[in-house]
Every structure is written in structure tokens, then in C-alpha cells.
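Biologist: I would like a close look at a single part of this model. Please take me through one pocket and the elements around it.

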Amino acid sequence: MTAARLEHVNVTVTDAKTTAALMCRLFDWKIRWEGEASVGGYTVHVGEDDTYLAIYMIDGSDHADVQRRHQLAGLNHIGVVVDDLDAVLARVEGEGYEIYSYADYEPGRRFYFLDADQVEYEVVSYA
């Protein structure tokens, strides 16, 4: 059997650079790449060396493929594992986002927040 791993998730937002900067501040991620997307619009890849979040911003085009990317999201949330949940919680609150569903559970602790585009993030620690 071939081992598989998740490389990236692509999410559409209203301002790719602003969202990427937030992700860098919250999670100590780096911008891996940014530029014009092949279907129009602009993309920023932010994360670590082997995994990342592709943050896409539409350019207003009526291209059918671009429209499909915005209407069929079906994304429930993006899960991010951190070593220090309390430190990241303080950063998220410092950015003005509301924390909800904070819980201890087996095998870790977690909380959720919505960003400015209503993308939901679950932040979890197993430490």
C-alpha cells in the first residue's frame, strides 16, 4: 500500500494577502509562494515546508471554472495542530476573533474561531 499525506487545502477568501498575514501571525507559518493563479485571481501559499494552506482570491472573472471554485466549497473547517494551545488562543483573541467550543477531550484540547471570511478553524493541541 502507498502511504499518502495531505499536502495542502485551497480556500477562497476576499483578500489573500491579508489572510496569509494573519495565518503567519497566528501559527508562525511562512509564505512559501504567491502570485497570479492559473485560473485568474491571486494565490498565496502559507504554511510549512511540506504542508500549506493555499489562499485564493478571485479577480472578478466570470470564467465558469472560477465560479465553480466559489460555489461548491463544502468546507466544514480547517484543523491546525499546535504545540502551545494557550499561546495561539491568546494570539487569536488578540486579533479580535471570538473563541468558541473550547474543550478538553481525549486525546487533547481544542478551540474554534471564524476568520473575517467566515472560514472556520479548529486549533488543537495533543501536547
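How many nonpolar, polar and charged residues does the lining of the second largest pocket have?

Modeller: By class, the lining holds 12 nonpolar, 3 polar and 4 charged residues. Bear in mind that this is a predicted model.

Start with the pocket itself. The second largest pocket has a volume of about 450 Å³. Its lining consists of 19 residues. Nearest the centre lie Trp29, Thr51, Gly79, Val80 and Val81. Four elements each give two or more residues to this lining: helix H1 (16-27), strand S4 (52-57), strand S5 (78-81) and helix H3 (85-94). S5 gives the most, with 4 residues.

Now set the pocket in the chain. The chain has 127 residues, and 37% of them count as buried. It contains 3 helices and 8 strands. Along the sequence they follow the pattern β-α-β-β-β-α-β-α-β-β-β. Take the contacts in the chain with a separation of 6 or more: 44% of them are between residues 24 or more positions apart.

Next, S5. Val80 sits in this strand, and Val80 is also one of the residues nearest the pocket centre. Val80 is buried, because its relative accessible area is 5% and the cut-off for buried is under 20%. Beyond its neighbours within four places in sequence, Val80 contacts Phe27, Trp29, Glu122, Val123 and Val124. Of these, Trp29 is another of the residues nearest the pocket centre. Arg110 is 30 residues from Val80 along the chain, and the two C-alpha atoms are separated by 9.7 Å.

Phe27 leads to H1. This helix has 12 residues. From first C-alpha to last, H1 reaches 16 Å, close to the 16 Å expected at 1.5 Å a residue. At its start, a side-chain oxygen of Asp15 comes to within 3.2 Å of the backbone nitrogen of Lys17. Buried residues in H1 are Ala16, Thr19, Ala20, Leu22, Met23, Cys24, Leu26 and Phe27.

What follows H1? The next residue is Asp28, with a positive phi near 60°. Asp28 belongs to the loop between H1 and strand S2 (30-36). Most residues other than glycine have a negative phi. Asp28 is a residue other than glycine, and its phi is positive all the same. Its relative accessible area is 57%, so Asp28 counts as exposed, the cut-off being over 50%.

From S2, step across to strand S3 (residues 42-47), which holds His45. With a relative accessibility of 17%, His45 counts as buried. Not counting residues up to four places away in sequence, His45 touches Lys30, Ile31, Arg32, Trp33, Tyr52, Leu53 and Ala54. S2 spans 30-36, and S4 spans 52-57. His45 therefore touches residues in both strands, as the DSSP runs define them.

Then there is H3, another contributor to the pocket lining. Look at Arg109 in strand S7 (residues 108-114). Arg109 and Leu85 are 24 residues apart in sequence, yet their C-alpha atoms are 7.6 Å apart in space. A polar contact of 3.3 Å joins the side chains of Arg109 and Asp86. Leaving aside neighbours within four places in sequence, Arg109 is in contact with Leu85, Asp86, Tyr102, Ala103, Asp104, Val123, Val124 and Ser125. Val123 and Val124 are also contacts of Val80. Arg109 counts as partly exposed, because its relative accessibility is 26%.

Two backbone features lie around the approach to S7. Most peptide bonds are trans. The bond from Glu106 to Pro107 is cis, with omega near 20°. Pro107 is in the loop between strand S6 (100-105) and S7. The other feature is Ser101, within S6. Ser101 is not a glycine, but its phi is positive, about 55°. At 46% relative accessibility, Ser101 counts as partly exposed.

To recap the part you asked about: the second largest pocket is lined by 19 residues, and S5 gives the most to that lining. Val80 of S5 is buried, and Val80 contacts Phe27 and Trp29 among others.

Key: Residues numbered from 1 in each chain as written. Predicted model: local features only at pLDDT ≥ 70, side-chain atom pairs only at ≥ 80, totals over all residues. Heavy atoms only, no water. 1 Å grid on protein atoms, 1.4 Å probe; cavity = no way out; pocket = protein on both sides within 12 Å on 5 of 7 lines; lining within 4 Å. Points joined across faces, edges and corners; volume = space filled by probe spheres on them. Nonpolar A, V, L, I, M, F, W, Y, C, P; charged D, E, K, R; others polar. Expected span 1.5 Å × (residues − 1). Buried < 20%, exposed > 50% of the residue type's maximum accessible area, 1.4 Å probe, protein only. Polar contact = N/O pair within 3.5 Å; in protein donor to acceptor, adjacent residues only side chain to side chain. Contact = heavy atoms within 4.5 Å.
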